[in-house]
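Hello,

Here is the structure I promised to pass on to you. Have a look at it first, and then read my notes underneath.

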Amino acid sequence: MGILFSVCGFWKNTESDDILEIQYSFAERKGIVKMRKVILDCDPGHDDAFAIMLAAQHFDLLGVTTVGGNGTLENVTRNALVVLEQIGKTDIPVFPGHAGPSTHELVTAPNVHGNSGLDGPVVSPPRRKPEKKHAVDFIVDTVMNNDDVTLIATGPLTNIAAALNREPEISKKASGLYIMGGGAYAGNWTAAAEFNIWVDAEAAYKVFHSGIDLHMVGVNLTRQCPVDSAFIDRLRGIGNHTGEFCAQLCDFFSKGGDAHLHDACAVAWLIDPSLIESAYLHVDIELNGLLTRGMTVTDLRFLQTTKPDADIDLTSTARWDDPEEGSPFRGKAPNTHVAFRLDYEGFCKLLTKTIANYP
Ligand code: BDR
Ligand code: CA
């Protein structure tokens, strides 16, 4: 019989995944193991929809909070309710947050996600209403009244920064923050900046300087997670309602070509840390660059190698503060776990298995 272990909602079996899943759900029902408590802050968004599906099944998802980003707050909140309804998770509350950055106008992404923010599948409007409580109040109260809540953010960091401004203790009380945003020397909205960070760079600056245990899934990683026709066939092949819903989302999302399932990667990392290789590095946010505003400036100096074919060495034992290991220019103290390599096949298996468990 396999060995059961689960501290983060992920389980592995030395012999059979299926047997272990049965063991896991039995143990969970009996209260022997507890799922990780999570709040997902998002702006659905096609790839946010997949983030919701993963989080709703693998964690004790205390709430989904929404933020203006891919679409207006009204649209992304409706989309969050739609996704939860499609997968039958109508017990998970949705809390609307900030409509946009406090320092400037919101820029949305209808070019990527359509006018609704979730174009593609034709679905009825959600039956449920969002909660009255503001997302920031929900985040602050929930984190401060529990010992072990992990935050995931897959949109602009407006709500998270507001929560940190309101209650700085969140940076210590939360069990960490996983974000989809930025990139180690990679951008998508501009040559230097990724959309979520670029939309509210001031909020990102607050978060990266807060001291919270931060995991960053940037576009350097998510480029390894393509939404191509093989991937869409796989979703459709699951054969259930949710698989078809997902395939229709991806039909639209991939129509411009070069689509990636960015946000789902951040959730997958927390579910199964073995899916992503990372390095602990210093990351700061560029606020003033003429060409580089919103860039996540990632200090790779102590991982740079002399190998001509490799940019950085993830297996390096070099330390940022140890000049004996090489060049005296070792860089700044790390503040962020930066994702570099994705096990795409492992990710696809996790996702398809998750979708198969929905109606
Ligand atoms: C990010 O921007 C949004 O369009 C996606 O939902 C994702 O969070 C990728 O840059
Ligand atoms: Ca998003």
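Below is what I found, going from the whole chain to single residues.

Please keep in mind that this is a predicted model.

**The chain as a whole**

The chain contains 14 helices and nine strands. It has 359 residues, and 48% of them are buried. If you take the contacts between residues at least 6 apart in sequence, 75% of them join residues at least 24 apart. The largest nonpolar core is made of 103 residues, and Ile52, Ala55 and Cys265 have the most contacts inside it. Ile52 is a good place to start if you want to look at that core. Leaving out residues up to four places away in sequence, Ile52 touches Leu40, Cys42, Pro44, Val64, Ala80, Val83 and Leu84.

**Around ligand 1**

Which residues come nearest to ligand 1? There are 15 residues around the ligand, and the nearest are Gly45, Asp47, Phe195, His262 and Asp263. Sorted by class, this shell has four nonpolar, seven polar and four charged residues. Helix 2, helix 8 and helix 13 each supply at least two residues of the shell; in sequence, helix 2 covers 46–58 and helix 8 covers 195–199.

Gly45 deserves a second look. Gly45 sits in the loop between strand 1 (37–42) and helix 2, and a cis peptide bond joins this glycine to Pro44, with omega at about -15 degrees. Pro44 is also one of the residues that Ile52 touches.

Helix 13 (262–271) brings us from the ligand back to the interior. Ten of its ten residues are buried, so helix 13 is largely enclosed by the rest of the structure. Among these buried residues are His262 and Asp263, two of those that come nearest to ligand 1. Cys265 is buried in helix 13 too, and it is one of the residues with the most contacts inside the largest nonpolar core.

**Two helices with a buried face**

Helix 14 runs over residues 344–356, 13 residues in total, and reaches 18 Å from its first C-alpha to its last, close to the 18 Å expected at 1.5 Å a residue. Its buried residues are Phe347, Leu350, Leu351, Thr354 and Ile355. Why do they line one face of the helix? Seen down the axis of helix 14, the buried residues fall within an arc of 125 degrees, so they line one face. The face turned away from that buried side carries the exposed residues Glu345 and Ala356. The cover over the buried residues of helix 14 includes helix 2, helix 11 (229–237), helix 12 (241–253), helix 13 and strand 9 (336–342).

Helix 9 (residues 201–208) has Ala201, Ala203, Ala204, Val207 and Phe208 as its buried residues. Seen down the axis of helix 9, these fall within an arc of 155 degrees, so they line one face of the helix. What covers them includes helix 6 (158–166), helix 8, strand 6 (214–217), strand 7 (276–285) and strand 9.

**Loops and single residues**

Two residues to look at in the loop between helix 4 and helix 5 are Pro126 and Lys133. Pro126 counts as partly exposed because it has 19 C-beta neighbours inside 10 Å, and buried starts at 20. Its C-alpha is 5.2 Å from that of Val82, although the two are 44 residues apart in sequence. Apart from neighbours within four places in sequence, Pro126 is in contact with Arg78, Leu81, Val82 and Glu85.

Lys133 has 14 C-beta neighbours inside 10 Å, so it counts as partly exposed. Leaving aside neighbours within four places in sequence, Lys133 is in contact with Phe95 and Phe138. Phe95 is 38 residues away along the chain, with 6.3 Å between the C-alpha atoms.

Is Asn111, in helix 4, buried or exposed? With 7 C-beta neighbours inside 10 Å, Asn111 counts as exposed. Its C-alpha is separated by 9.4 Å from that of Asn70, 41 residues apart along the chain.

Finally, Tyr185 lies in the loop between strand 5 (177–180) and helix 8. Its phi is near 55 degrees, a positive value in a residue other than glycine. Tyr185 counts as partly exposed, because it has 15 C-beta neighbours inside 10 Å.

Happy viewing, and best wishes!

Terms used. Residues are numbered from 1 along each chain as its sequence is written. Chains are lettered from A and ligands numbered from 1 in the order in which they are written. This is a predicted model: local features need pLDDT of at least 70, side-chain atom pairs count only at pLDDT 80 or more; totals for chains, interfaces and linings use all residues. Helices (H or I, at least four residues) and strands (E, at least two) are DSSP runs, numbered from the N terminus. A residue is buried if 20 or more other C-beta atoms lie within 10 Å of its own, exposed if 12 or fewer, and partly exposed in between; C-beta atoms are placed from the backbone. Two residues are in contact if their C-beta atoms, placed from the backbone, lie within 7 Å. The expected span of a helix is 1.5 Å times one less than its number of residues. The arc is that of the directions from the helix axis to the C-beta atoms. A residue is near a molecule or strand if its C-beta atom, placed from the backbone, lies within 6 Å of it. Ala, Val, Leu, Ile, Met, Phe, Trp, Tyr, Cys and Pro count as nonpolar, Asp, Glu, Lys and Arg as charged, and the others, Gly among them, as polar. A nonpolar core is a set of buried Ala, Val, Leu, Ile, Met, Phe, Trp, Tyr and Cys residues joined through C-beta atoms within 7 Å.
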